[in-house]
Amino acid sequence: MTGLTLTVMKLGLLAALWVFVLISLAVIRTDLFGAAGSRLRAVRPAGRPVSGGVPLGQTAARPRRGGAPTRLHVTAGSLAGTSVPLGTQQITLGRAHDSTIVLDDDFASSRHARVFPDPSGQWVVEDLGSTNGTYLDRTKINGPTPVPAGVPIRIGKTVLELRK
């Protein structure tokens with residue numbers, strides 16, 4: 001083999017390695033942050049969301065009526081449309097079969113989080129040491145955190161809200 005052939009082969013191998021590294025980084029980024037299209041709701045030309053989402057550039061409407069929330073409603077994920085009445089007992093969320101809401105989500109832990117009333121009557125969400133975390137309106141929670149009505153609670157691909 002000539003020197004030119006060896007140099008071309010080395011450069012080809014180097015290019016193939018860089019392509020592999022870049023593809024690997026893209027896969028890792030997608031696993032960590034999700035695909036750009038999955039974070040945003042698809043919007044119809046008239047500005048209406050396709051599946052109950054919020055049009056781009058707008059925020060979700062907060063409930064206007066006064067009073068305490070009465071239901072925990074699943075707004076996105078495999079259980080979208082499911083609603084659980086709020087009482088005096090805590091609601092557990094996770095993949096375990098004894099959870100109040102059993103999540104069929106690869107990003108949820110078996111005992112992921114719980115929603116419970118505090119002594120003042122306000123509802124609180126607490127992460128139970130999950131691997132991927134629990135988010136309250138795009139902010140990862142680190143301890144028991146009060147949940148206002150209408151603010152999304154995200155566990156993996158599942159989104160829940162307290163509603164009146």
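In the predicted model, Ile101 is in contact, beyond its neighbours within four places in sequence, with Leu72, Leu79, Val84, Ile91, Thr92, Leu93, Gly94 and Leu160. Ile101 is also one of the residues with the most contacts inside the largest nonpolar core, a group in which it is joined by Leu72, Leu93 and Leu160. This core has 21 residues, and at least two of them are supplied by each of the strands β1 (71-76), β3 (91-94), β5 (113-117), β6 (123-127), β10 (153-155) and β11 (158-163).

The chain as a whole has 2 helices and 11 strands, which follow one another along the sequence in the pattern α-α-β-β-β-β-β-β-β-β-β-β-β. Of the 164 residues in the chain, 29% are buried. Among contacts between residues at least 6 apart in sequence, 34% join residues at least 24 apart. The area exposed by the chain is about 10900 Å², and carbon and sulfur atoms supply 59% of it.

The strands are considered next, sheet by sheet. An open sheet of 6 strands is arranged in the order β2-β1-β11-β10-β7-β8, with antiparallel pairing, and its edges are formed by β2 (83-85) and β8 (139-140), each of which pairs on one side only. At one end of this order, β7 (residues 135-136) and β8 run antiparallel and are joined by 2 bridges, with Leu136 standing opposite Thr139 in β8.

An open sheet of 5 strands has the order β4-β3-β5-β6-β9, and in this sheet the pairing is mixed. Its edge strands, each pairing on one side only, are β4 (101-102) and β9 (145-146). Within this sheet, β3 and β5 run antiparallel and are joined by 3 bridges, and the bridge partner of Ile91 in β5 is Val115. The antiparallel strands β5 and β6 are in turn joined by 5 bridges, and here Phe116 has Val124 in β6 as its bridge partner. The strands β5 and β6 form a hairpin with 5 residues between them, and Gly121, which lies in the turn, has a positive phi of about 95°. Strands of a sheet pair through backbone hydrogen bonds, in either a parallel or an antiparallel manner.

The structure holds 3 salt bridges. In the first to be described, Arg111 pairs with Asp98, the closest N and O atoms being 2.8 Å apart. Because Arg111 lies in the loop between β4 and β5 whereas Asp98 lies in the loop between β3 and β4, the pair ties together parts that are 13 residues apart in sequence. Arg111 is partly exposed, its relative accessible area being 45%, while Asp98 counts as exposed at 55% relative accessibility.

A salt bridge is also formed by Arg114 and Glu126, with the closest N and O atoms 2.7 Å apart. This pair links distant parts of the chain, since Arg114 is located in strand β5 and Glu126 in strand β6, 12 residues apart. With a relative accessible area of 23%, Arg114 is partly exposed, whereas Glu126, at 18%, is buried. The assignment of Glu126 follows from its value of 18%, because residues under 20% relative accessible area are counted as buried.

The side chains of Glu161 and Arg163 likewise meet in a salt bridge, at 3.2 Å from N to O. Glu161 counts as buried, at 13% relative accessibility, but Arg163 is partly exposed, with a relative accessible area of 34%. Side chains of opposite charge can pair when their charged atoms come close.

On the surface, a nonpolar patch is formed by Leu11, Leu14, Trp18, Phe20, Val21, Leu22, Leu25, Ile28, Leu32 and Phe33, which together have about 1100 Å² of accessible area. Leu14, one of the residues of this patch, lies in helix α1, which spans residues 3-33. Leu14 is partly exposed, with a relative accessible area of 45%, and it qualifies for the patch because a relative accessible area of over 30% is required of patch residues.

Conventions
Residues are numbered from 1 along each chain as its sequence is written. This is a predicted model: local features need pLDDT of at least 70, side-chain atom pairs count only at pLDDT 80 or more; totals for chains, interfaces and linings use all residues. Side-chain values use heavy atoms; hydrogens and water are left out. A nonpolar core is a set of buried Ala, Val, Leu, Ile, Met, Phe, Trp, Tyr and Cys residues joined through side-chain atoms within 4.5 Å. Buried means under 20% relative accessible area, exposed over 50%, partly exposed in between (1.4 Å probe, protein chains only). Helices (H or I, at least four residues) and strands (E, at least two) are DSSP runs, numbered from the N terminus. Contact means heavy atoms within 4.5 Å. Patches are made of residues with over 30% relative accessible area and no salt bridge: like charges are joined within 9 Å, nonpolar side chains (Val, Leu, Ile, Met, Phe, Trp, Tyr) within 5 Å. Accessible areas come from the Shrake-Rupley method with a 1.4 Å probe; for residues, only the protein chains shown count as cover. A salt bridge is a side-chain nitrogen of Lys or Arg within 4 Å of a carboxyl oxygen of Asp or Glu. Two strands pair if DSSP finds at least two bridges between them.
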